[in-house]
Amino acid sequence: MVKRKRSCETSSMDDDNKQPSTKLSSATNAPTSTGGTNGFRVPVHSVGKSSGSAIIGRPTAAKKITIKNLSGSLVLPDAYKIEAWNRLRESVDAIHQSTSISYSLEDLCQAVQNLCTMQFSRNLYDELRLLCYRHINSNLSVLSGQLAPEEPVLFLRSLNTFWLKHCQQMIMIRSIFLYLDRTYVMQHVNALSIWDTGLQLFGEFLSQHNTVLIRVVDGVLMLIERERSGDVVDLNLLKSLLRMFQDLHIYESSFEDEFLKATHNLYSVEGKRLVHEFDVPEYLIHVKVRLKEEEERINTYLDHSSKPLITLVEHQLLGLYNCLSHYYLFAFVLHIFVFI
């Protein structure tokens, strides 16, 4: 009897110990949610409505992300404009003086972009043009005043050296102000590119200082005359100066007319002299050589549009002798001999 009573008590105690575990397991198996603020899992049925919060499990509206363009609303202090321009001006002066630049190209380009973004493009363009204008005028004025007119070749070489250096400097300046060249210049029809601005300023100086331009043209004509006479001249110098005339758009207006006049006078005098010294075959051979030489000059250093040159030489060496009819008997033979 005692043993049976103890077994009943033991079974009843086991039942009492199992009940809490059953309740705990039921609570654990219930649906839960992570809606707690600290990341605890909370049963869904125990979560009620809270003020100002949505019911957990209900989908919320998706938020739209808007990206604003801040490039046109950059605001920098006015002191930055002065500081940035001072750095750019120092760099341009260093380029003109052929000295080292104290700032990196990246920093200078960023300064130009910032100034353009701050609506400082027009002022930046005008200030840069003024710097280039002063540099060109001061150096060309000194160059033209130092050399005497009796030294035409030395003057041409000095001018050509400054011209080639000016072209290199404008390329370097444009690399710094490239953002200005691609924004402000592209948006304004009347604004020339930085490269064209450098050409315009150089050409304006020569046009405004007519004595300097005349010295250059006369010096080039003198070199061509010497080369026609058989003297050895610097063809690279001649070619570079004539290319300068083309780039400055003054080849036709300032050089070609004077060149054709000099050609007319040269072959007019030469034809009148040789027509009495040579017999007909010798004279025709001489005309052929002269025409070939002029063709080579066109291909070497003259502008390829100088085709009237050939017609002018033919006219001066052949067309002025109407009284010498036997020369015209060989004119057709001359054309065949030259061009075939």
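Trainee: At what angle do the axes of helix α4 and helix α5 cross in this predicted model?
Mentor: In this predicted model, helix α4 covers residues 121–146 and helix α5 covers residues 152–176, and their axes come within 11 Å. The angle at which these axes cross is roughly 165°.

Trainee: Is α4 roughly parallel or roughly antiparallel to α5?
Mentor: Angles over 145 degrees count as roughly antiparallel, and the axes of α4 and α5 cross at roughly 165°. The orientation of α4 relative to α5 is therefore roughly antiparallel.

Trainee: Is the crossing of α4 and α5 left-handed or right-handed, and how many residues of their contact are charged?
Mentor: The crossing in which α4 passes α5 is right-handed. On α4 the contact residues include Leu 128, Cys 132 and His 135, while those on α5 include Phe 155, Phe 162 and Met 170. Of the residues in this contact, 10 are nonpolar and 6 are polar, and the number of charged ones is 0, that is, no charged.

Trainee: Is Cys 132 buried or exposed?
Mentor: Cys 132 is among the residues with which α4 makes its contact to α5. Its relative accessible area is 4%, and because the cut-off is under 20%, Cys 132 counts as buried.

Trainee: How many disulfides are found in the whole structure?
Mentor: A disulfide would require a pair of cysteine sulfur atoms within 2.5 Å. For the whole structure, the search gives a count of 0.

Trainee: Which residue in the loop between α3 and α4 has a positive phi although it is not a glycine?
Mentor: The residue in that loop has a phi of about 60° and is exposed at 66% relative accessibility. Its name is Gln 119.

Technical notes. Residues are numbered from 1 along each chain as its sequence is written. This is a predicted model: local features need pLDDT of at least 70, side-chain atom pairs count only at pLDDT 80 or more; totals for chains, interfaces and linings use all residues. Side-chain values use heavy atoms; hydrogens and water are left out. Buried means under 20% relative accessible area, exposed over 50%, partly exposed in between (1.4 Å probe, protein chains only). Axes are lines fitted to C-alpha atoms, for helices over the stretch in contact, and angles run from 0 to 180 degrees between N-to-C directions. Helices (H or I, at least four residues) and strands (E, at least two) are DSSP runs, numbered from the N terminus. Angles under 35 degrees count as roughly parallel, over 145 as roughly antiparallel, 65 to 115 as roughly perpendicular and the rest as oblique. A crossing is left-handed if the near helix is turned anticlockwise from the far one by less than a right angle, and right-handed if clockwise. Contact means heavy atoms within 4.5 Å. Ala, Val, Leu, Ile, Met, Phe, Trp, Tyr, Cys and Pro count as nonpolar, Asp, Glu, Lys and Arg as charged, and the others, Gly among them, as polar.
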